[in-house]
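Here is an informal walk through a two-chain model. Have the sequence and the coordinates open while you read.

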Amino acid sequence: MSLVTFSNVGLRYSTGPEILHDLSFSLQKGSFHFLTGPSGAGKTSLLKLLYLGKRPTRGLVNMFGKDVTAMPREQLPAMRRQIGTVFQDFRLLAHLSAFDNVALPMRIANVDEEHTRRNVTELLKWVGLGDKMDAKPPTLSGGEQQRVAIARAVIARPKLLVADEPTGNIDPEIGIKILYLFEELNKHGTTIIIATHDDDIIRRFGHPQMRLENGTLVIPPQNQKVA
Amino acid sequence: MAAKIFQKYRYDIALESGAGAHLVAWVTGLMVFFMTLAFAVNIGLANVTKNWVSGLSGSITVELRAPAADKDDDTATSEARKQVDKKVAALTAMGGKHAAVTSARALEDAEVRKLIEPWLGSAMPADLPLPVLVDMKIKPDADMAALKKDILKAAPGATVDTHDDTLADVSTLVNTARVFVLLLSGVIMLLAIVAISGIVRAKLAIHHPEVETLHLIGAHDEYIARQFRHHTLKGTLKGALCGVAAMIGTLYAIGQTTKSIDSAMLPDVTLAPQEWALLVIAPVLIGTMIAHFTAQKTVLGALKRLG
């Protein structure tokens, strides 16, 4: 069953050149892919389409059974709440504590505060930030900020997890631990797509790759291998 | 409700810090300050008119020219005085008898002096010839033409002042001033709306990255607008309370200062407790509502345009 389907999708920013061309693929529910490709190939742009940060300039995108290409903007928040995103620049809110940053998706979804507190505390302990729950992002190291961003992306158990270089700033041991967390989520049905340059991680976890070159998908997803 | 508004609120957007965090409070404070002033002037003018109208309507003043003193002939002076007294007696007698008059009373010299004091000052010479004034209270449905005729019959040469012209002039002047003050309040409110809308837009631009992040993790416009609304409401309430307090203080100071000025030209403007209450509540309520709805409309409109 396809969770995400792209049909002849193209993307350009404003009046600039087309960054992504004729992308056609689908991601099966529960699949796990690494998105690879050289810098400037369009990985971040593809991820933007996946986390609904952008809409395609042509083609069709279907997510969770709904056409998002022409979806009214009032319906987008509900769609986005089913997607967890680890942004390349983390996008943490600097004046909020690590705890409050991670709790955001649950508070936005109006989950009760006690449940939120329990889950956020548990997850922050799991990513090794149990003693930094009250720390503000500017006081955390790059790796710690990345772990907060990852915790925020997974806290609401999204249907689709999109991560842009999630292990880029953290030491290998923590990186592997984070990947195990993603695998755990994947086992519970979350579809995962991770943009990475880390060959060790790709080899170690052995999930199929999608490869982008010059805005074109040269290796499409392998949907036959679903976890 | 106020306690709930002022209690620690968790903003996902850093609206409480940075440049311009308290601009809304300043703008609302100034708006409420001037609105309270406009309201006070309006209420004051209404009271002045009411006092003057109630003092003058329902009465007429009959004026008898002062008996001219003849330096060389005391008998002539005394005769002229007698004539005037006779006319006064005839006029005051009308009080109990005439169908249109309920009462009639000749004003004492001291009262007449007090009336002309604003123009001549308090140091009037003791031998200043004063007109004789008879104040007549008349019935509401009195036939003024007939009454005037009867008065002139009883006191030939008297001048009858029905105060109609004075009342009309005063009313026109005061009503024009009140309309002007109301228009001024409207302009102040309009300026405040424009300023608050600009501040909210600037805040949205400053906090655009945070707003975008919230959108991307699933926040809907209302969730974001609620934070701006709360921040604006809090700033507005603070500003409005400060503005109204400052104006009440100013009015009190003006009241204390003018109290010591001994001038019969200045009308006595005293506000009733319910007018003071209106003066405190109305500008705060109006100012707060204007800021609140302006913020709400501006944020939702701007978020919609973000796409």
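In chain A, 41% of the 227 residues are buried. Keep in mind that this is a predicted model, scoring ipTM 0.90 and pTM 0.73.

**The two chains in outline**

Let's start with chain A, which has seven helices and 10 strands. Its C-alpha atoms fill a box of roughly 45 × 40 × 35 Å along the principal axes. How does its radius of gyration sit with that of a compact globule? With 227 residues, such a globule would come out near 17 Å, and chain A has 17 Å, so the two agree. Contacts across the sequence fit into the picture too: of those in chain A with a separation of 6 or more, 70% are between residues 24 or more positions apart.

Chain B has nine helices and four strands. Going along its sequence, you meet them in the pattern α-α-β-α-β-α-β-α-β-α-α-α-α. Buried residues account for 26% of its 307 residues. Among its contacts between residues at least 6 apart in sequence, 87% join residues at least 24 apart.

Here is how confidence is spread over the two chains.

| Chain | Mean pLDDT | Residues at 70 or more |
|---|---|---|
| Chain A | pLDDT 91 | 98% of residues |
| Chain B | pLDDT 82 | 89% of residues |

Within chain A, the element with the lowest mean pLDDT is helix α6 (residues 172–187), at 87, while helix α3 (residues 98–108) has the highest, at 96. In chain B, helix α1 (residues 2–6) has the lowest mean, 53, and α7(B) the highest, 94. Where pLDDT is low, the predicted coordinates should not be read in detail.

**A four-stranded sheet in chain A**

Now look at the start of chain A. Four strands make an open sheet there, ordered β2-β1-β4-β5, with antiparallel pairing. The edges belong to β2 (18–28) and β5 (66–67) of chain A; each has a single partner strand, so one side of each has no neighbour in the sheet. Strands of a sheet pair through backbone hydrogen bonds, either parallel or antiparallel.

Take the pairs one at a time. Strand β1 (residues 2–12) of chain A runs antiparallel to β2(A), with seven bridges between them. Leu11(A) has Leu20(A) in β2(A) as its bridge partner. β1(A) also pairs with β4(A), again in the antiparallel sense, over five bridges. Here Val4(A) has Met63(A), in β4(A), as its bridge partner.

Next comes the pairing of β4(A) with β5(A), which run antiparallel and are joined by two bridges. Met63(A) turns up again, standing opposite Lys66(A) in β5(A). What is the phi of Phe64(A), in the hairpin of β4(A) and β5(A)? Phe64(A) takes a positive phi near 50°, and the hairpin has two residues between its strands.

A helix goes with this sheet. Helix α1 (residues 43–50) of chain A lies across β1, β2 and β4 (58–63) of chain A, and runs at about 125° to β1(A).

**Where the chains touch**

How many residues of chain B are in contact with chain A? There are 13, in contact with 16 residues of chain A. Helix α7 (residues 208–216) of chain B supplies the largest share of chain B's side, three residues. By class, that side has five nonpolar, five polar and three charged residues.

**Around α7 of chain B**

That helix deserves a look of its own. Glu210(B), Val211(B), Thr213(B), Leu214(B) and His215(B) are buried in α7(B). The cover over the buried residues of α7(B) includes α6 (164–206) and α8 (221–259) of chain B. After α7(B) comes Gly218(B), with a positive phi near 105°.

Finally, consider Ala168(B), which lies in helix α6 of chain B. Is Ala168(B) buried or exposed? Ala168(B) has 10 other C-beta atoms within 10 Å, and a residue counts as exposed with 12 or fewer, so Ala168(B) is exposed. The C-alpha atoms of Ala168(B) and Ala219(B) are 62 Å from each other, with the two residues 51 apart along the chain.

Conventions. Residues numbered from 1 in each chain as written. Chains lettered and ligands numbered in written order. Predicted model: local features only at pLDDT ≥ 70, side-chain atom pairs only at ≥ 80, totals over all residues. Contact = placed C-beta atoms within 7 Å. Nonpolar A, V, L, I, M, F, W, Y, C, P; charged D, E, K, R; others polar. Rg over C-alpha atoms; globule rule 2.2 N^0.38 Å. Buried ≥ 20, exposed ≤ 12 C-beta atoms within 10 Å, placed from the backbone. pLDDT = per-residue confidence, 0-100. Pairing = 2+ DSSP bridges. Axes fitted to C-alpha atoms, helices over the stretch in contact; angles between N-to-C directions.
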